[in-house]
Amino acid sequence: MSKPRGVLVAGNWKMNHGPAATRGFLETLGKLEFPSAIVQRASRGRALQGAILVPAVSLEAARSVIDAQGWSDVLQVGAQNAHFEASGAFTGELSGPLLKEIGVNLALVGHSERRQYFGETDESAGKRTASLLSQGFEVILCVGENRSERKTGRTKAVLSKQLTEAFQAAQSWMTSRGLELTPTHWARLAIAYEPVWAIGTGLTASPEQAQDAHLFIRTWLEKSAKTAGFPLPPAQTTAILYGGSVTPDNFSGLLACPDVDGGLVGGASLKPESFLKLIEAAAQVI
Ligand code: PEP
């Protein structure tokens with residue numbers, strides 16, 4: 001099997017692992033002989049990419065160990081969020097320039113926990129996406145329906161609304177600054193389909209459910225490109241990751257779906273042994 005868009009395996013550590021635990025995780029990864037020959041081969045030309053999205057206090061520790069080990073071609077460090085403004089009175093936030101100063105060029109945006117507990121919206125996710133892409137970041141933008149939306153058959157309507165509002169906000173943000181998102185910017189965007197009912201619950205979308213939602217997102221990008229009146233990420237080349245209780249046991253089945261281009265993984269990314277299994281599973285499909 002081959003994956004035309006490569007495979008990205010991003011571990012979302014949420015509020016876990018300070019700098020000491022981060023160093024310990026990476027040390028164990030090294031002892032487990034990461035990256036194996038097959039992972040190194042798969043990561044050529046960035047076909048396979050690993051990433052860890054660590055708490056803010058652990059970013060620098062992670063980045064410096066990864067640099068020292070020479071792993072930066074295969075394992076990136078990212079932030080779990082970043083604000084759209086470069087600086088200012090935004091207590092508790094991180095910005096693109098602050099992250100760049102410590103060598104971090106990847107950020108997650110619009111995670112459902114940010115939406116659920118911290119009032120983030122499609123609009124703020126869209127502005128963050130646009131701002132970070134325009135600063136040269138790689139961005140993972142999360143979307144996904146909750147349990148009652150799935151049960152009442154509204155999954156596609158919810159995805160459509162989330163994408164529409166996020167990309168409209170992205171466009172407005174760019175226009176207000178006289179900027180434009182080019183294909184080079186869009187090439188750094190991945191969309192994560194994360195059904196909220198599957199996050200941290202042990203309930204995973206079946207490969208059929210994941211493929212159906214991913215294909216819907218890709219088709220939405222294709223159709224909307226003709227009607228939106230502003231540029232959108234290219235349908236065929238934008239990576240769409242699945243997130244929601246991914247484990248080493250179910251990842252291969254999900255990766256077998258043609259429109260699943262990787263995973264955004266919470267719980268199963270916290271232990272080096274299981275993170276390594278996820279990376280190895282991804283390397284098998286490159
Ligand atoms: C996540 O944090 O985005 C996530 C999908 O978590 P989990 O894998 O634990 O469900």
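# Reading a predicted chain, step by step

User: Where do I start with this model? How many of its residues count as buried?

Analyst: Of the 286 residues in the chain, 52% count as buried. Keep in mind that the model is predicted.

User: Thanks! Which helices and strands should I look for, and how many are there?

Analyst: Helices and strands are runs along the chain, numbered from the N terminus. Here you can find twelve helices and eight strands. The radius of gyration is 18 Å, close to the 19 Å that the globule rule gives for 286 residues, so the chain is as compact as a globular protein of that length.

User: What does the C-alpha trace span along its principal axes?

Analyst: The C-alpha trace spans about 50 × 45 × 35 Å.

User: How do I read contacts, and what share of them joins residues 24 or more positions apart?

Analyst: A contact means heavy atoms within 4.5 Å. Among contacts with a separation of 6 or more, residues 24 or more positions apart account for 77%.

User: Now the interior, please. Which residues touch the most other members of the largest nonpolar core?

Analyst: That core has 76 residues, and L26, L29, F34, F167 and Y242 touch the most other members. Another core lies apart from it, with 13 residues, among them A10, A51, C142 and L264.

User: Could we look at one of those residues? What is L26 in contact with?

Analyst: Leaving aside neighbours within four places in sequence, L26 is in contact with I52, A62, V65, I66, W71 and L75.

User: Let's try a residue in a strand. Is I191 buried or exposed?

Analyst: Buried means under 20% relative accessible area. I191 has a relative accessible area of 0%, so I191 is buried. You will find I191 in strand β6, residues 189-193. Not counting residues up to four places away in sequence, I191 touches ten-odd names worth clicking through, including L141, V143, F167, I217 and L241.

User: And a loop residue? Where is S43, and is S43 buried or exposed?

Analyst: S43 sits in the loop between α2 (37-42) and β2 (48-53). With a relative accessible area of 11%, S43 is buried. Beyond residues up to four places away in sequence, S43 touches L48 and V74.

User: Last one: what about the surface and the charges?

Analyst: The accessible surface comes to about 12,300 Å², and 53% of it belongs to carbon and sulfur atoms. For charges, compare mean positions: those of the 27 positive and 26 negative charges are 2 Å apart.

Note on methods:
Residues are numbered from 1 along each chain as its sequence is written. This is a predicted model: local features need pLDDT of at least 70, side-chain atom pairs count only at pLDDT 80 or more; totals for chains, interfaces and linings use all residues. Side-chain values use heavy atoms; hydrogens and water are left out. Helices (H or I, at least four residues) and strands (E, at least two) are DSSP runs, numbered from the N terminus. The radius of gyration is taken over C-alpha atoms; the globule rule is 2.2 Å times the number of residues to the power 0.38. Buried means under 20% relative accessible area, exposed over 50%, partly exposed in between (1.4 Å probe, protein chains only). Accessible areas come from the Shrake-Rupley method with a 1.4 Å probe; for residues, only the protein chains shown count as cover. Lys and Arg count as positive and Asp and Glu as negative; His and the chain ends are not counted. The place of a charge is taken as NZ of Lys, CZ of Arg, CG of Asp or CD of Glu. A nonpolar core is a set of buried Ala, Val, Leu, Ile, Met, Phe, Trp, Tyr and Cys residues joined through side-chain atoms within 4.5 Å.
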